[in-house]
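Got the viewer open and a few minutes to spare? Load the model, set it to cartoon, and follow along stop by stop.

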Amino acid sequence: MTRLPGSFLLALAAVAAVAAVTTALLPVLGLASAALLFLLPVLLAAARGGLWPGLLAALAGTAAYNYLLVEPRYTFRIDRLDGLVSVCVLGAVAVVTSRLATRLLAREAEANARAQASAELAQLSAVLAAGDANDALAKGMAFVGGRYGPARLIEALTTANRDAVFTSLDLAAAAWALHNGDMTGHGTEIMGAADWSFVPVVAKSRPDLAVLALARRPEGGARTMSELEQVQQLAWLLGQCRDRASLDRERGERAVLEQSERLRRTFLASLAHDFRTPLTIITGRLELIAQRGSGGRDPAVDDALAAAHRLDRTMADLLGAARLEDGSLRAANESCDLVDATASACAALVIPPGLAVTRRVPADLPFVHADPVLLQHVLANLIDNGLRHARRALTIAAEPEDDRIVLTVDDDGPGVPVAERERIFARFQRLAGTDHSQGSGLGLAIVKGFAEAMGAKVSVGESPLGGARFALSLPRSSGASG
Amino acid sequence: MSRILCVDDEAAILRLLSVILQRDGHAPVPAPDARAAMAALGAGGIDAVLLDLGLPDRDGLELLPALRALAAVPVIVISARADVQEKVAALDLGAADYVTKPFDGDELLARLRVALRGAGTQAGRDGVLTHGPIRLDRSRHEVSVHDRPVALTPREFAVLAELVAAGGRILTHGALLESVWGKAHQQDVEYLRVVVRALRLKLEDDPAQPRLIRNEPGIGYRLD
């Protein structure tokens with residue numbers, strides 16, 4: 001809708017043309033048809049030039065009609081009532097027609113603009129949907145830049161700060177938009193004096209708010225609110241694409257993590273395999289040698305066998321330590337029978353000659369909550385530790401205590417000094433110390449780590465036997481108790 | 001004499017297995033990889049398979065069903081990993097039993113004897129099963145230990161019957177739960193623990209130091 005002087009001239013010219021035609025043909029046309037013809041320039045002017053040219057055509061047409069056609073002709077005087085009525089009706093109809101035509105025109109223009117806006121949105125979605133999210137986002141920004149002038153995506157104020165094109169007012173507007181999720185800067189109500197407009201690209205409540213910065217038009221025209229509203233729609237689309245990009249990125253990072261996790265597991269599994277295969281050959285061959293001898297077993301062979309078994313246990317402890325370290329340990333929570341667990345732990349151990357092992361685990365002991373495999377490992381390590389320190393006696397006992405079951409392993413060895421009692425469960429404690437007869441020290445660290453993973457507690461104190469008492473306190477199973 | 005196919009990529013392990021097997025009068029048939037194992041089993045005359053799960057050319061867990069499909073012989077899995085899931089998976093895939101490296105020669109031979117026996121006499125006779133001191137009469141629903149009659153609930157009887165029928169082979173928790181309680185209760189290990197506890201109190205000479213029913217943590221139960 002342009003209101004150039006041209007459309008006013010056009011209105012007057014059209015009225016003049018109709019006036020000439022009607023004046024010449026009045027006897028043929030009659031007054032009523034002539035009056036109708038004066039509506040044509042009104043329609044033309046309103047359609048081409050809008051409201052004001054239309055009104056001008058209405059006024060000029062009415063005047064010309066009055067002056068040229070209504071009796072007495074060539075004066076603006078009106079003698080007869082019907083003449084007055086026809087002039088007034090023509091005037092009113094012309095004015096209303098002009099307004100209606102203008103409104104129709106405006107509505108059409110609005111529909112056009114809306115169609116254009118949706119086409120633009122559709123185009124941008126197509127651009128953003130294609131291919132890799134990061135590339136699509138860059139292409140989407142280029143698309144917006146191509147239509148609305150220089151555009152930038154600001155994800156944090158620090159990136160905006162480094163950009164020399166922003167004045168301090170721009171930065172303030174950007175900060176507002178980033179913090180509050182409002183449209184700010186040029187063309188808006190908030191800091192409208194800024195050179196750039198800032199449009200949020202994600203919903204207000206999001207912590208990762210980002211804004212689209214749009215430079216003031218170089219040709220100088222101010223951005224209208226409706227234009228910025230369209231830009232807001234485009235910005236939402238950009239925001240969705242940005243979400244897709246960050247999801248893709250997260251997925252990629254997770255995949256890398258899973259990959260390294262898998263590698264590590266494969267490594268540990270093959271390490272176990274590489275260790276145990278030679279151990280199998282060593283122990284197998286040693287056993288065959290031991291059986292070959294006719295008169296009694298050779299103690300040297302038994303020593304070698306015991307050492308090989310120790311190596312196997314250390315390997316299991318090392319793998320357990322690796323699982324504790326990287327947090328991949330997932331303890332199951334089943335109800336377990338401690339009678340079962342101690343029986344299988346004892347069955348797996350070689351009890352040195354001259355050592356009496358007493359088991360006092362009541363057959364009707366309530367079940368405990370634990371991971372059966374970890375529990376087995378914990379018990380084996382505790383009993384193994386006791387066997388290595390005991391002189392003559394080792395006692396394994398268990399009894400209920402409130403809502404827990406406490407299993408104790410007592411030995412008559414040297415015991416653990418009070419000052420050492422906390423440190424003894426620390427990793428490689430024994431290795432750093434002077435006494436290497438006690439193994440790597442990994443065993444008790446595994447006990448503590450696995451116990452804690454199962455919700456159990458382990459502690460060390462004095463034993464009535466004179467040595468150390470290790471106590472494992474396990475949550476009692478709420479279910480059946482045997 | 002039984003012909004035992006030994007599948008392991010390590011030559012020293014194959015030699016060790018040969019010596020151990022020959023001690024019990026078996027004839028070892030070595031196979032260094034999956035391809036050779038399939039060929040040897042396909043040729044026939046094999047009574048049981050000792051299968052290492054860590055093979056160079058094929059995953060042992062994959063090979064297991066293929067071997068089972070080729071010939072109906074018991075397969076004992078030899079695993080270098082302490083990983084419980086792998087053992088349960090192997091048993092679920094039809095392995096008769098497993099041993100963990102480093103294994104004990106006597107234990108391996110004992111497992112093999114049980115597996116070979118199971119293969120021969122799986123068809124129940126007159127409904128009377130025995131294992132060590134346990135005598136279980138399926139048709140009359142009677143159990144005795146050392147000729148001492150023991151009264152069992154139907155669940156206890158069913159679990160014990162499964163274990164006795166397995167004759168020392170390991171039964172996984174899942175398998176026991178499925179055959180006694182039904183498929184829907186495969187995960188309810190707690191049911192099984194309660195029943196095994198009750199069985200111990202009734203069967204064992206000293207229930208605090210059980211000897212008859214052996215627990216394999218995280219895997220299942222077997223009769224000793």
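## Stop 1: a loop in chain A

Start by selecting A:Tyr74, which sits in the loop between α4 and α5 of chain A. Helices here are DSSP runs of H or I with at least four residues, strands are runs of E with at least two, and both are numbered from the N terminus. Although A:Tyr74 is not a glycine, its phi is positive, about 60°. Now pick A:Pro72, found in the loop between α4 (51–69) and α5 (81–129) of chain A. The peptide bond leading from A:Glu71 into A:Pro72 is cis, with omega near -10°. For context, most residues other than glycine have a negative phi, and most peptide bonds are trans.

Before moving on, some housekeeping: this is a predicted model, so local features need pLDDT of at least 70 and side-chain atom pairs count only at pLDDT 80 or more, while totals for chains, interfaces and linings use all residues. Residues are numbered from 1 along each chain as its sequence is written, chains are lettered from A and ligands numbered from 1 in the order in which they are written, and side-chain values use heavy atoms, with hydrogens and water left out.

## Stop 2: chain A as a whole

Zoom out and show chain A alone. You should be able to trace 14 helices and 11 strands. The radius of gyration of chain A (taken over C-alpha atoms) is 47 Å, well over the 23 Å from the globule rule for 482 residues (2.2 Å times the number of residues to the power 0.38), so chain A is more spread out than a compact globule. Its C-alpha trace spans about 155 × 50 × 45 Å along the principal axes.

Color chain A by domain next: domain 1 is 5–119, domain 2 is 130–248 and domain 3 is 331–475. Those bounds come from an automatic or database domain assignment. How far apart do the C-alpha centres of domain 1 and domain 3 of chain A lie? The answer is 108 Å.

While you're in chain A, select A:Glu452 and A:Lys448. Their side chains meet in a salt bridge at 3.1 Å, N to O; the term means a side-chain nitrogen of Lys or Arg within 4 Å of a carboxyl oxygen of Asp or Glu. The two residues are 4 apart in helix α14 (residues 442–453) of chain A, so about one helical turn separates them. Over all chains, the structure holds 32 salt bridges.

## Stop 3: where chain B touches chain A

Bring chain B back. Here 35 residues of chain B are in contact (heavy atoms within 4.5 Å) with 38 residues of chain A. The two chains bury about 3100 Å² between them, 57% of it on carbon and sulfur atoms. Buried area is the accessible area (1.4 Å probe) that two parts lose on being put together, summed over both.

Show B:Pro102, B:Arg193 and B:Arg197 as sticks: in chain B they lose the most area to chain A, together 24% of what that side buries. Stay on B:Pro102 for a second, in the loop between β5 and α5 of chain B. The peptide bond from B:Lys101 to B:Pro102 is cis, with omega near -5°.

How many salt bridges cross between chain B and chain A? There are 4. Try B:Arg200 with A:Asp340, whose closest N and O atoms are 2.2 Å apart in a salt bridge. To paint the chain B side by element, use α1 (11–23), α5 and α8 (189–203), each of which supplies at least two residues.

## Stop 4: inside chain B

Last stop: split chain B into domain 1 (3–120) and domain 2 (128–223). Their C-alpha centres lie 27 Å apart. Across the boundary, 11 residues of domain 1 of chain B are in contact with 12 of domain 2 of chain B. The area buried between these two domains is about 880 Å², with carbon and sulfur atoms giving 56%.

The rule finds 1 salt bridge across this interface. Select B:Arg222 and B:Asp97 to see their side chains paired in a salt bridge at 2.8 Å, N to O. On the domain 1 side, α4 (84–92), β5 (97–100) and α5 (105–120) of chain B each give two or more residues. Of the elements there, α4 of chain B gives the most, with 5 residues.
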